[in-house]
Amino acid sequence: METIALEWRGGTGFELQETPPARTLGARHLMLLALGKCSASTALALMGRMRLHITRLRLEVSGRLSDDARRETAVFLSFHQVFRIECTEREEAGRIARAVELALSRYCGVSLMLEMIAPLSYELYVNREALVPEEAGA
C-alpha cells in the first residue's frame, strides 16, 4: 500500500503532510499526489462556485499494489481517497458531498483516467461526521 496526505493551505496551495518527503517521492507516490491534487483542487473550485464556507481540507490518498510492493513491476489494484473537510455551516454538508462526488465522477481528469486502470473509492467526513460510506465510489 502506498499512501500520501495533503493539507489545504488556502487558495490553491497544498502541503504534503507525511513521509516520504517530497524530494524522495517515487513514481507511484507522484501518481497518488496527482490524483489528490486534482481531486481536492476540483472539489474546492466547485465548493467555491457553490459559495460554501470551507475552513479545512485534508485528503489522504492510497493505492493498493499488486504482489510485492518492492518490485518495480507492482501495479495499482485500487485507489482510495479520504476527504476530511471542516466548514462553518453544518447545513452545507450535503452540498459539500455533491461537490466531491462531481469532482471525482465528472471534472477531475486524473481520477477519470486512473479509474480506467483500477477502481477508485472514497470516504467523506464533514466536521468529523461520515457522509459517504467506504464502499461508495465516485
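How much area does the protein chain expose, and what share of it do carbon and sulfur atoms supply? The protein chain exposes about 7500 Å², and carbon and sulfur atoms supply 52% of that area. With that in mind, welcome to a short tour of this structure, which is a predicted model.

**The overall layout**

Three helices and six strands make up the secondary structure of the protein chain. Read from the N terminus, the elements follow the order β-β-α-β-β-α-α-β-β. The chain has 138 residues, and 47% of them count as buried. If you look at contacts between residues at least 6 apart in sequence, 65% of them join residues at least 24 apart.

How confident is the predictor? The mean pLDDT of the protein chain is 87, and 88% of its residues reach 70 or more. Residues 134-138 are a place for care: pLDDT stays under 50 there, and the model has 14 contacts beyond four places in sequence for this stretch. Where pLDDT is low, the predicted coordinates should not be read in detail.

**Two helices by length**

A handy check on a helix is to set its expected span, at 1.5 Å a residue, beside the distance between its end C-alpha atoms. Here are H1 and H2.

| Helix | Number of residues | Expected span | Distance between end C-alpha atoms |
|---|---|---|---|
| H1 (residues 27-49) | 23 residues | 33 Å | 33 Å |
| H2 (93-107) | 15 residues | 21 Å | 20 Å |

For H1, the distance agrees with the expected span. The distance for H2 agrees with its expected span as well.

**The nonpolar core**

Now to the inside. The largest nonpolar core has 42 residues, and the members that touch the most other members are Met47, Ile54, Leu57, Ile85 and Val100. Several elements each supply at least two residues of this core, including strand E1 (2-8), strand E3 (54-65), strand E4 (76-87), helix H3 (109-114) and strand E5 (120-126). H1 gives the largest share, nine residues.

Leu57 is a good residue to click on. Leaving aside residues up to four places away in sequence, Leu57 touches Leu6, Glu7, Trp8, Phe14, Ala40, Leu44, Met47, Arg84 and Ile85. H2 is worth a look too: its buried residues are Ala93, Ile96, Ala97, Ala99, Val100, Leu102, Ala103 and Leu104.

**A serine inside**

Is Ser39, in helix H1, buried or exposed? Ser39 has a relative accessible area of 0%, so this residue is buried. The side chains of Ser39 and Gln81 are joined by a polar contact of 3.0 Å. Apart from residues up to four places away in sequence, Ser39 touches Leu59, Gln81, Phe83, Ala103, Leu104, Cys108 and Ser111.

**Two arginines in loops**

Let us finish with a pair of loop residues. Arg51 lies in the loop between H1 and E3. Its phi is near 60°, a positive value in a residue other than glycine. Arg51 counts as exposed because its relative accessibility is 65%, and exposed means over 50%.

Arg128 is found in the loop between E5 and strand E6 (129-132). Although Arg128 is not a glycine, its phi is positive, at about 70°. Arg128 has a relative accessibility of 75% and therefore counts as exposed.

Note on methods. Residues are numbered from 1 along each chain as its sequence is written. This is a predicted model: local features need pLDDT of at least 70, side-chain atom pairs count only at pLDDT 80 or more; totals for chains, interfaces and linings use all residues. Side-chain values use heavy atoms; hydrogens and water are left out. Helices (H or I, at least four residues) and strands (E, at least two) are DSSP runs, numbered from the N terminus. The expected span of a helix is 1.5 Å times one less than its number of residues. Buried means under 20% relative accessible area, exposed over 50%, partly exposed in between (1.4 Å probe, protein chains only). A polar contact is a pair of N or O atoms within 3.5 Å; within protein, one must be able to donate a hydrogen and the other to accept it, and residues adjacent in sequence count only if both atoms are side-chain atoms. Contact means heavy atoms within 4.5 Å. A nonpolar core is a set of buried Ala, Val, Leu, Ile, Met, Phe, Trp, Tyr and Cys residues joined through side-chain atoms within 4.5 Å. Accessible areas come from the Shrake-Rupley method with a 1.4 Å probe; for residues, only the protein chains shown count as cover. pLDDT is the predictor's confidence in each residue, from 0 to 100.
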